[in-house]
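Dear colleague,

I am passing on a structure that I would like you to look over when you have time. The coordinates and sequence come first, and my notes on them follow.

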Amino acid sequence: MIGRLNHVAIAVQDLAAATAVYEKTLGAEVTKPIPEPDHGVTVVFINLPNTKIELLEPLGEGSPIAKFLEKNPSGGIHHVCYEVDDIIAARDQLLKEGARVLGDGEPKIGAHGKPVLFLHPKDFLGTLTELEQA
Ligand code: CO
């Protein structure tokens, strides 16, 4: 069902400081910050030859990553994202397997303008798992 690793997302308290780590220390190219008020985060992307890293900083009240950062004040891996060919078919198959889809179960448009869904971390080895239609 799952295909390529689309990205690994890392939650951070301070996007400018995190960008500096990737740009200066690791020598990667980092995009300009993109505010996503609908998702409660500001993101930057780091395009690597084989996948992407997303750095997420909380945006506004009640950001979905605020609690994660309370537990992980130095930041940490927040989720992984795999590509699927057909997100509805993937969702329906996962529901049949007993996996839990977060939210109302309907795909939302994600950071790359494509439909995404999130799967409950307790069903996937303690890892919040995002599916993105390729
Ligand atoms: Co993501």
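Which residue caps the N-terminal end of α3? Before the answer, please bear in mind that this is a predicted model. The cap is aspartate 86, which places a side-chain oxygen 3.0 Å from the backbone nitrogen of isoleucine 88. Beyond the helix comes glycine 98, with a positive phi near 95°.

Helix α3 itself spans residues 87-96, and its buried residues are Ile87, Ala90, Arg91 and Leu94. Viewed down the helix axis, these buried residues fall within an arc of 100°, so they line one face of α3. This agrees with the general geometry of an α-helix, which has 3.6 residues a turn, so that residues three or four places apart point the same way. The partners against which the buried residues of α3 pack are strands β5 (76-84), β7 (115-119) and β8.

Strand β8 (residues 129-133) also carries glutamate 130, which brings me to the metal site. The cobalt ion has as its protein donors His7 through NE2, His79 through NE2 and Glu130 through OE, at 2.0 to 2.1 Å from the ion. Along the chain these donors follow the spacing H-x71-H-x50-E. The site thereby links distant parts of the chain, since histidine 7 belongs to strand β1 and glutamate 130 to strand β8, 123 residues apart. Both histidine 7 and glutamate 130 are buried.

The other region I would draw to your attention is the largest nonpolar core, which has 13 residues, and in which Ile10, Tyr22, Ile46, Ile53 and Leu55 touch the most other members. At least two residues of this core come from each of β1 (5-11), α1 (15-25), β3 (41-47) and β4 (52-58), with α1 giving the most, namely three residues. Leaving aside residues up to four places away in sequence, isoleucine 53 touches Val8, Ile10, Tyr22, Val44, Phe45, Ile46 and Leu48. As a general matter, nonpolar side chains in soluble globular proteins tend to be buried together.

Finally, a note on a loop: glycine 126 sits between β7 and β8, and glycine 126 is exposed because its relative accessible area is 64%, where exposed means over 50%. The C-alpha atom of glycine 126 is separated by 16 Å from that of lysine 67, the two residues being 59 residues apart along the chain.

With best regards

Definitions and conventions. Residues numbered from 1 in each chain as written. Predicted model: local features only at pLDDT ≥ 70, side-chain atom pairs only at ≥ 80, totals over all residues. Heavy atoms only, no water. Core = buried A, V, L, I, M, F, W, Y, C linked by side-chain atoms within 4.5 Å. Buried < 20%, exposed > 50% of the residue type's maximum accessible area, 1.4 Å probe, protein only. Helix = DSSP H or I, 4+ residues; strand = E, 2+ residues; numbered from the N terminus. Contact = heavy atoms within 4.5 Å. Donors = N, O, S within 2.8 Å, 3.2 Å for Na, K, Ca; no water. Arc of directions from axis to C-beta. Polar contact = N/O pair within 3.5 Å; in protein donor to acceptor, adjacent residues only side chain to side chain.
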